[in-house]
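Reader: I should be grateful for a close look at how the helices of this model pack against one another, with the cut-offs behind each term.

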Amino acid sequence: MLEVNQKIDILSLEFHELEEEIARIGEKKFRAKQIFEWLHIKRVTDFDSMSNLSSSLRTKLNEMFCIKSLFVVKNLESNIDNTVKYLYKLPDGNHIETVLMEYNHGNSICVSTQVGCKMGCKFCASTIAGFKRNLEPSEILLQIYESERNSGRKVSSVVLMGIGEPLDNYDNVLKFLNLLSSKEGTNMSLRHVSLSTCGIVPKIYELAKLKLGLTLSISLHASNNLKRSEIMPINNKYDVYELIEASKHYFNETGRRISFEYSLIDGVNDTKEYAKELAQLLKGMPSHINLIPVNQIKESNYKSSKKAAMIFQGYLTELGLNATIRRTLGSDIDAACGQLRREQEKN
Ligand code: SAH
């Protein structure tokens, strides 16, 4: 029998890949559909629960494959709204965070795509505890399955805005999206998915080609190169003008309006001059700007306020831009990404 870490991670296999694996072990094709349903619809956590399979097939599956799972280390429930923040332990002992949020239109979940992050944004807690590894497709998917199981709530939309840079784990994120939207499984329309990136430009072009229907969120946070490079090192590699070109291209290819994230930082990027520059930058592009008063983290002096956000929003509206202030959810449970994992790593 194979060691656990040599076994195939069955939850990371797309349906057609599972069909191939099942054919390889000499089983009939329809078995793949049954197994996929057990995993992604009924969501059993062991092969022995797959009661419509023969015991010899179950034994074979046990020998070749593993079903990964996440362990809930913490679940913090907000007393203000129904936000729940999960700290999950991965099979190898690393930790990630997931946040379940309630909106009028249903529950939305914010998932992590990497253990840590390499991008080094100055205001972000996810990057401080360092980068460990990419998440497997199964480990991204399981954040949804485990949070649904744990909360008893059904998730209707997904945002890839937790720990990590999704486009820095491109292949696994794509597989995750394929699994999530698989009609044999969870069958979620990718119209209900947003992917947030700090701006890995070549990957934005690759993603545009696929026309997946998801919303692309660009973490812009500054309107010129000098300022953006000061707070986001990725800007030294792909500058803000290249990023805007890529965003326009994404819109032209997919017809999906881009959402720009702009975290306001007191005295850094929140004056009227920056608002004017931002309007100039986004001129002629259908877009939406999401303003977020920066969430203060222990390692930086950056701060902001709802009032500053309202003033900045006023400037943008005057300039004809479409800007809203992100609702703060779970402010009593430190819902800003990366903070729980960091505390855990320090212990
Ligand atoms: N790496 C991706 C997704 C993860 S971060 C990205 O950069 O887009 C999700 C969003 O939260 C990004 O817009 C990020 O810039 C923002 N963010 C991170 N830390 C923040 C903080 N302390 N306050 C406000 N926004 C923050």
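Author: The account below takes the helix pairs in turn, together with the contacts of one residue and one salt bridge.

The model is predicted, so local features need pLDDT of at least 70 and side-chain atom pairs count only at pLDDT 80 or more, while totals for chains, interfaces and linings use all residues. Residues are numbered from 1 along each chain as its sequence is written, and side-chain values use heavy atoms, with hydrogens and water left out.

Helices are DSSP runs of H or I with at least four residues, numbered from the N terminus. Helix H6 (residues 201-210) packs with H8 at an angle of about 5°, their axes being 9 Å apart; axes are lines fitted to C-alpha atoms over the stretch in contact, and angles run from 0 to 180 degrees between N-to-C directions. H6 and H8 are therefore roughly parallel to each other, a class that holds angles under 35 degrees, whereas over 145 is roughly antiparallel, 65 to 115 roughly perpendicular and the rest oblique. From H6, Val201, Ile204, Tyr205, Leu207 and Ala208 meet residues of H8 that include Leu243, Ala246, Tyr250 and Thr254, where contact means heavy atoms within 4.5 Å. This contact of H6 with H8 has 8 nonpolar, 2 polar and 3 charged residues (Ala, Val, Leu, Ile, Met, Phe, Trp, Tyr, Cys and Pro count as nonpolar, Asp, Glu, Lys and Arg as charged, and the others, Gly among them, as polar).

Thr254 belongs to helix H8 (residues 240-254). Leaving aside residues up to four places away in sequence, Thr254 touches Ala208 and Lys211. A polar atom of the Thr254 side chain lies 2.6 Å from the backbone oxygen of Tyr250, and the side chain also reaches the backbone nitrogen of Arg256 at 3.1 Å.

Helix H4 (residues 137-151) and H5 have axes that come within 8 Å and cross at roughly 45°. That makes H4 oblique to H5. Pro137, Ile140, Leu141 and Ile144 of H4 meet Asn172, Val173, Lys175, Phe176, Leu179 and Leu180 of H5, and by class this contact has 8 nonpolar, 1 polar and 1 charged residues.

Lys175 also forms a salt bridge with Glu17, with the closest N and O atoms 2.4 Å apart; the term denotes a side-chain nitrogen of Lys or Arg within 4 Å of a carboxyl oxygen of Asp or Glu. Because Glu17 lies in helix H1 (residues 15-24) and Lys175 in helix H5 (residues 170-180), the pair ties together parts that are 158 residues apart in sequence. The whole structure has 20 salt bridges.

Finally, the axes of helix H9 (residues 272-281) and helix H10 (residues 306-318) come within 9 Å and cross at roughly 40°, and H9 and H10 are therefore oblique to each other. Lys272, Tyr274, Ala275 and Leu278 of H9 make the contact with Phe312, Tyr315, Leu316 and Glu318 of H10. The residues of this contact divide into 6 nonpolar, no polar and 2 charged.

Notes
Helices (H or I, at least four residues) and strands (E, at least two) are DSSP runs, numbered from the N terminus. A polar contact is a pair of N or O atoms within 3.5 Å; within protein, one must be able to donate a hydrogen and the other to accept it, and residues adjacent in sequence count only if both atoms are side-chain atoms.
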